[in-house]
Amino acid sequence: MDAQINQALANRHFDIEMQLLLDAIYLKYHCDFRGYAGASLKRRLATAMIRFDCQTLSQLQDRVLHDAAVFPLLMEYLTVQVSEMFRDPSYFLALREKVVPLLRTYPSLKIWVAGCSSGEEVYSLAILLREEGLLERSIIYATDINQSALKKAEAGVYDLERIAGFTNNHQKSGARTSLSDYYTAAYGAVVFDKSLRKNVVFSDHSLATDSVFAEMHLVSCRNVLIYFNRQLQERALGLFRESLVRKGFLGLGSKESLRFSSHGVAFDEVVREDRIFQKKGDL
């Protein structure tokens, strides 16, 4: 497979064809991947060429434009669906210790999980909020551009073999309950309790083209910005800045930062090692 991918990438017209393909996707499907980081996107598109038995990206473009069934399948390659519950447990522990005490001061809460993938982080936050007695007064907006991922997130069904890792992460996050309290296991899978989704709104949203969700108290967008180029990162961070209330919180991934962003001046660091920031009160 690697040899095939490298051969595809060696095509001297690959960059030109990739730009034309991304333009075509934007014009027909209104999904904008033109601001995604080049190296990662190239490799994923090369993998997609092999999957769809195309010799060039131009052939793939033809299929995308003329076969409506191809684009949803291609989305699985264009978007990165890699997550787990309570991923980076120290992040969730920091939320409990540094953010939750301030969230308690609000009569109601609005939280945005941007790039929610197949929902692992959404359920993690919902469980954390329930454990802290805040879920009933919260609305969680879970957004992604991948419709298939959103459907998986809304279903709340995960392979049973993943639960041991989820449970371990949950315990390290400062858990006050057992993760097994929130799911039912059967036929090699687990289904998370519908009550966790009662206050969750799943929605299609693009950080590249869509506008803000207003008056958020917490925005959690982790391991998404690393797939964007600098311009798109700036746009996304601008959306988060506009969305947050004064003194609202922003959580990023472990390899992401505000350090080189023009929006960094609008935030204070709360927990540097876990990439948790707070919007300044005067901005």
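1. A helix here is a DSSP run of H or I with at least four residues, a strand is a run of E with at least two, and each kind is numbered from the N terminus. The model is predicted. Begin with helix α7, residues 120-131. Just after α7 comes Gly133, which takes a positive phi of about 75°.

2. Helix α7 itself has 12 residues. From its first C-alpha to its last it reaches 17 Å, close to the 16 Å expected at 1.5 Å a residue. Of its 12 residues, 11 are buried, so the rest of the structure largely encloses α7. Charged and nonpolar names appear side by side in that buried set: Glu120, Glu121 and Glu131 are among them, and so are Val122, Leu125 and Ile127.

3. What does α7 connect? It sits between β1 and β2, and the three make a right-handed β-α-β unit. The two strands run parallel, and six bridges join them. Trp112 is one residue to find here: it stands opposite Tyr141 in β2.

4. Strand β1 (residues 109-114) also pairs with β7. These strands run parallel too, with three bridges between them. Trp112 stands opposite Val219 in β7. Val113 stands opposite Ser220 in β7. Five of the six residues of β1 are buried, so this strand is largely enclosed by the rest of the structure.

5. Is Thr143 buried or exposed? Find it in strand β2, residues 138-144. The cut-off for buried is under 20% relative accessible area. Thr143 has 1%, so it is buried. Its side chain makes a polar contact of 2.9 Å with the side chain of Trp112. Leave out residues up to four places away in sequence, and Thr143 still touches several others, including Val113, Ala114, Cys116, Leu150, His205 and Phe213.

6. Strand β7 covers residues 216-221. Six of its six residues are buried, so the rest of the structure largely encloses it. Strand β7 runs parallel to β8 (residues 244-252), and five bridges join the two. One bridge pair is easy to pick out: Met216 has Leu244 in β8 as its partner. The chain leaves β7, passes through helix α10 (residues 230-243) and arrives at β8; this β-α-β crossover is right-handed.

7. Next, look at α10 itself. It has 14 residues and reaches 20 Å from its first C-alpha to its last. That is close to the 20 Å expected at 1.5 Å a residue. At its start, a side-chain oxygen of Asn229 comes to within 3.3 Å of the backbone nitrogen of Gln231.

8. Which residues of α10 are buried? They are Leu232, Ala236, Leu237, Gly238, Leu239, Phe240 and Ser243. What covers them includes β1, β7 and β8. Show these three strands together with α10 and the covering is easy to follow.

9. Lys279 deserves a check. It lies in strand β10, residues 276-279. A lysine may look out of place on a buried list, but Lys279 is buried, with a relative accessible area of 8%. Its side chain reaches the backbone oxygen of Leu244 at 3.0 Å. Leu244 has appeared already, as the bridge partner of Met216.

10. Lys279 has further contacts. Leaving aside neighbours within four places in sequence, they include Arg241, Val245, Arg246, Lys247, Gly248, Ala266 and Phe267. For a sense of distance, take Gly35: it is 244 residues from Lys279 along the chain, and their C-alpha atoms are separated by 25 Å.

11. Last, a separate topic: antiparallel pairing. Three strands form an open sheet in the order β3-β5-β4, and their pairing is antiparallel. The edge strands are β3 (157-159) and β4 (183-186), and each of them pairs on one side only. On average, neighbouring strands in this sheet are turned by 25° against each other, direction ignored.

12. Which strand does β4 pair with through four bridges? It is β5 (residues 189-192), and the two run antiparallel. Within this pair, Thr184 has Val191 in β5 as its bridge partner.

Methods: Residues numbered from 1 in each chain as written. Predicted model: local features only at pLDDT ≥ 70, side-chain atom pairs only at ≥ 80, totals over all residues. Heavy atoms only, no water. Buried < 20%, exposed > 50% of the residue type's maximum accessible area, 1.4 Å probe, protein only. Pairing = 2+ DSSP bridges. Right-handed = clockwise from strand over helix to strand, strands pointing away. Axes fitted to C-alpha atoms, helices over the stretch in contact; angles between N-to-C directions. Expected span 1.5 Å × (residues − 1). Contact = heavy atoms within 4.5 Å. Polar contact = N/O pair within 3.5 Å; in protein donor to acceptor, adjacent residues only side chain to side chain.
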